[in-house]
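Let's practise reading a few features straight off a model. Have a look at it first, then we'll talk it through.

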Amino acid sequence: AICLGLLLGNFIPTPIVRIFVTFNGLFSGFLGFCIPLIILGLVAPGIADLGKSAGRLLFITAAIAYGSTIFSGFFTYFSCNAVFPSLLQGSTLETNVQNPEEGLLSPFFTIDMPPVFGVMTALILAFMLGIGIASTGAQTIKSAANEFKSIIEKVITSAIIPLLPIYIFGIFLNMRASGTAFTVIGVFGKVILVIFILHILLLLIQF
C-alpha cells in the first residue's frame, strides 16, 4: 500500500485521489468510533473469564503494566534525547504552510462519527463489568459480554483489517500527489527507525 501510493501519486488524477482522501476521512472517523467499543468488547469478557481471582490478578497485572509504562516512557525520553540531536541535525521539513496537513488534498465531504463514550470511560466500564461479572457470577451479562465480543471481533476481521491497507494507500497517495511524501519520509524515516529499534529493545527487556 505504501509503495503503490508513492508510485501512483503522480499519475492518478486529482479527483480520484480525493476519492481515496474522502474514504480515509470516513475510515478514520469509523476507527475513532470503534476504539472505545473494542476496549469494552475485549477487556470486559477477558476480565470476567479470570473468575473469582479477577480482582487480585487485575491488580497485579495493572501494577506490572503501569510500571512498564513508566519505564518505557523514561527509556524513550533519555534514548531520544541522546540520539535525535545528532541524528536529525540539519534536517528540516519545508512546506508552504504552517501545518503540513493544510498542503494535502481535502476530501469531498466528511461525516462526523463521535464515539459513544471516551476511551477512559470504556476502560473503567470494562473493568467494572469484568470484575462484577467475575465476582457475582452474572451469567446473563457474561453471555451478553461474550456475544458483544464476537461482534467486535467480526468488525475487526471483516472491516477494519481488510480496509486498513486502502487507508494506508490513501495516506501516501495524498502525500505523493501533494508533493510532500519524500520530504516527510526523509525527515521522519530516521525517527521511525529509532522507534522500531526501541520497540525491539523494549520487547527483549520485558520478555
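Q: Does F207 count as buried or exposed, and why?
A: Bear in mind that this is a predicted model. Exposed means over 50% relative accessible area. F207 has 86% relative accessibility, so it counts as exposed. You'll find F207 in the segment after α6.

Q: Which residues make the nonpolar surface patch with F207?
A: L193, F196, I197, I200, L201, L203 and L204 join F207 there, and the patch covers about 880 Å².

Q: How do I read the span of helix α5?
A: Set the end-to-end C-alpha distance against what 1.5 Å a residue would give. Helix α5 runs over residues 139-177, 39 residues in all, and reaches 54 Å, close to the expected 57 Å.

Q: Where does α5 bend?
A: At L164, by about 40°, with a proline, P165, following within four residues.

Q: What about P162: why does it count as partly exposed?
A: Partly exposed sits between the buried cut-off of 20% and the exposed one of 50%. P162 comes in at 41% relative accessibility, so it counts as partly exposed. P162 is also in helix α5, and its C-alpha lies 22 Å from that of M175, 13 residues apart along the chain.

Q: Which residues of α5 are buried, and what covers them?
A: Among the buried ones are A145, I152, I156, I160, Y167, F169 and M175. Their cover includes α1, α2, α4 and α6.

Q: What happens just after α5?
A: Check the backbone there: G179 takes a positive phi of about 80°.

Definitions and conventions
Residues are numbered from 1 along each chain as its sequence is written. This is a predicted model: local features need pLDDT of at least 70, side-chain atom pairs count only at pLDDT 80 or more; totals for chains, interfaces and linings use all residues. Side-chain values use heavy atoms; hydrogens and water are left out. Helices (H or I, at least four residues) and strands (E, at least two) are DSSP runs, numbered from the N terminus. The expected span of a helix is 1.5 Å times one less than its number of residues. The bend at a residue is the angle between axes fitted to the seven residues ending there and the seven starting there. Buried means under 20% relative accessible area, exposed over 50%, partly exposed in between (1.4 Å probe, protein chains only). Contact means heavy atoms within 4.5 Å. Patches are made of residues with over 30% relative accessible area and no salt bridge: like charges are joined within 9 Å, nonpolar side chains (Val, Leu, Ile, Met, Phe, Trp, Tyr) within 5 Å. Accessible areas come from the Shrake-Rupley method with a 1.4 Å probe; for residues, only the protein chains shown count as cover. A salt bridge is a side-chain nitrogen of Lys or Arg within 4 Å of a carboxyl oxygen of Asp or Glu.
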